[in-house]
Amino acid sequence: MDPADTGAAVPGAGTAARPTGAGAPVHTAPADPADPADDRLRAGTSTYRRANLALFAAGLATFALLYSTQALLPALSAGLRLSPAQASLTVSASTGALALTLLPASALSEKYGRTRVMTVSVFTASLLALAVPFAPNLAVLVALRALQGVALAGLPATAMAYLAEEVHPSAVPSAIGLYVAGNSIGGMSSRVAGGALAQAYGWRTALFAVGATALVCAVAFRLLAPPARHFSPGSISPAALGRTVTGHLRDARLRRLYAVGMLFMAVFGAVYTVLGYRLTAAPYGLSQSAIGAVFLVYLVGTGTSAASGALTARVGRRGAFAVALALCGGGLAVTWARPLWAVLAGLVLITGGFFIGHAVASGAVSRTALTGRAQASALYLTAYYIGNSLGGTLGASAYHLSGWTATTLLAFLALLLAAPAALRRP
């Protein structure tokens with residue numbers, strides 16, 4: 001997972017959240033840190049550490065599975081005789097299906113509970129992952145990956161709400177930090193380790209290893225996660241949810257932020273989906289394990305995500321977006337150079353710019369939405385993952401037709417479309 005994949009608003013952070021029906025505004029009340037009657041999880045307690053480790057494990061499993069095929073696309077193409085566009089569907093199917101099921105998953109958690117939805121989510125996705133390596137053809141592989149995406153939606157849709165309800169406000173930031181770290185490590189490790197395993201044993205073995213690791217993480221989550229003590233089930237109200245979602249979509253400010261997140265992710269998805277194909281071809285000829293190691297560049301995103309808050313405080317939201325656009329655009333241009341070091345340098349710039357843009361946009365959503373912030377954030381993540389799917393598929397199709405230049409020109413177009421919304425005065 002990308003470190004900022006959970007950059008959505010934290011419902012109730014710094015407050016005591018009161019459960020509401022799906023689609024209803026979240027009402028909060030101040031929490032007294034010294035109140036002995038407040039039995040939510042506090043830093044330093046064994047139960048708090050268990051909750052942190054549980055979500056770390058679940059986050060690692062979820063985002064290892066979500067992006068498990070991305071670094072293996074050249075191997076998939078060779079093994080199943082697929083074009084880059086066809087192989088890219090194994091990534092787009094999972095992220096697209098996840099995007100479409102985030103809101104329903106968040107609504108289900110209002111009725112059946114956060115921990116139950118997360119448990120079903122991570123176990124179902126892990127068991128499906130053990131079937132993925134045995135897919136005989138592209139159709140079955142894409143279908144299984146789409147089902148994984150549906151299953152995986154339960155974690156990002158509910159994890160933040162779980163932390164807001166069960167963890168004391170004073171400990172929420174550190175709990176979120178560990179959860180995001182699990183996401184980041186999961187997304188990166190599946191790409192890096194998957195590349196090495198694919199080179200040594202083949203892509204099917206690599207995917208099976210990722211699935212087995214995710215299943216271990218699912219068991220750890222189930223054993224470690226403390227019972228929810230502050231969740232009160234509410235009714236699922238499609239009408240209320242519909243009104244909230246419609247209200248957000250009518251807000252021009254939120255629509256612009258959703259568009260920015262989607263277009264930045266389209267750039268990122270296109271570049272990283274196609275990157276393996278470019279680096280395995282002449283003049284580079286990198287091995288599958290070396291391509292997996294390239295994904296260590298994601299660590300740049302961890303740093304720039306963390307720095308985005310200070311950047312925004314200094315130059316404002318528009319200034320931060322301008323920096324993100326400039327870094328992505330400059331990085332795309334640098335990758336046109338032939339030397340490998342230039343391609344990697346461009347990738348560093350693109351990665352840094354993307355994570356700044358995504359962190360600023362997702363944070364702005366939580367400040368812009370005055371009610372229904374959980375749904376506003378879910379809509380942002382929906383747009384974000386749709387951008388991933390579109391960028392990956394269209395970028396791979398462009399590469400198949402006209403090479404790396406066509407992919408980067410498509411990415412430039414996405415940046416040009418994002419610029420008016422990103423740079424408009426709030």
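User: Contact means heavy atoms within 4.5 Å. What share of contacts in the protein between residues at least 6 apart in sequence join residues at least 24 apart?
Analyst: The model is predicted. Take the contacts between residues at least 6 apart in sequence. Those that join residues at least 24 apart come to 84%.

User: How many helices and strands does the protein have, and what percentage of its residues is buried?
Analyst: The secondary structure holds 15 helices and 2 strands. The chain runs to 426 residues. The buried part of these is 58%.

User: What share of the exposed area do carbon and sulfur atoms supply?
Analyst: The protein exposes about 16000 Å². Of that area, carbon and sulfur atoms supply 67%.

User: Which residues have the most contacts inside the largest nonpolar core, and which helix gives the most to it?
Analyst: The largest nonpolar core has 125 residues. Inside this core, Phe264 and Tyr385 have the most contacts. With 15 residues, the element that gives the most to this core is helix 10 (residues 252-280).

User: Which residues does Phe264 touch, not counting residues up to four places away in sequence?
Analyst: Phe264 is one of the two residues with the most contacts in the largest nonpolar core. Leave out residues up to four places away in sequence. The partners of Phe264 are then Phe321, Ala324, Leu325, Cys328, Gly353, Phe354, Gly357 and Leu415.

User: At what angle do the axes of helix 14 and helix 15 cross, and with which hand?
Analyst: Two packed helices are described by the angle between their axes and the distance between the axes. For helix 14 (residues 373-402) and helix 15 (residues 404-423), the axes come within 6 Å. The angle is roughly 145°, and the crossing is right-handed.

User: How do the residues of the contact of helix 14 with helix 15 divide into nonpolar, polar and charged?
Analyst: Helix 14 brings Leu394, Gly395, Ala398, Tyr399 and Ser402 to the contact. Helix 15 brings Trp404, Ala406, Thr407 and Leu410. The division is 6 nonpolar, 3 polar and no charged.

User: Is helix 2 mostly covered or mostly uncovered, and which helices do its buried residues pack against?
Analyst: Helix 2 (residues 73-80) is mostly covered, with 6 of its 8 residues buried. The buried ones are Leu73, Pro74, Ala75, Leu76, Ser77 and Leu80. They pack against helix 3 (84-112), helix 5 (138-152), helix 8 (203-224), helix 10 and helix 11 (288-294).

User: Which residue follows helix 2 with a positive phi, and is that residue buried or exposed?
Analyst: Helix 2 is followed by Arg81, in the loop between helix 2 and helix 3. Arg81 is not a glycine, yet its phi is positive at about 55°. The cut-off for exposed is over 50% relative accessible area. Arg81 has 78% relative accessibility, so Arg81 counts as exposed.

User: Why does Gln148 count as buried?
Analyst: Gln148 sits in helix 5. Not counting residues up to four places away in sequence, Gln148 touches Leu65, Ala125, Leu128, Ala129 and Val132. Buried means under 20% relative accessible area. Gln148 counts as buried because its relative accessibility is 1%.

User: How far apart in space are Gln148 and Ser121, C-alpha to C-alpha?
Analyst: In sequence, Gln148 and Ser121 are 27 residues apart. In space, C-alpha to C-alpha, they are apart by 9.0 Å.

User: Where is Pro283, and what is omega for the cis peptide bond that joins Ala282 and Pro283?
Analyst: Pro283 lies in the loop between helix 10 and helix 11. A cis peptide bond joins Ala282 to Pro283. Its omega is about 5°.

Notes:
Residues are numbered from 1 along each chain as its sequence is written. This is a predicted model: local features need pLDDT of at least 70, side-chain atom pairs count only at pLDDT 80 or more; totals for chains, interfaces and linings use all residues. Side-chain values use heavy atoms; hydrogens and water are left out. Helices (H or I, at least four residues) and strands (E, at least two) are DSSP runs, numbered from the N terminus. Buried means under 20% relative accessible area, exposed over 50%, partly exposed in between (1.4 Å probe, protein chains only). Accessible areas come from the Shrake-Rupley method with a 1.4 Å probe; for residues, only the protein chains shown count as cover. A nonpolar core is a set of buried Ala, Val, Leu, Ile, Met, Phe, Trp, Tyr and Cys residues joined through side-chain atoms within 4.5 Å. Axes are lines fitted to C-alpha atoms, for helices over the stretch in contact, and angles run from 0 to 180 degrees between N-to-C directions. A crossing is left-handed if the near helix is turned anticlockwise from the far one by less than a right angle, and right-handed if clockwise. Ala, Val, Leu, Ile, Met, Phe, Trp, Tyr, Cys and Pro count as nonpolar, Asp, Glu, Lys and Arg as charged, and the others, Gly among them, as polar.
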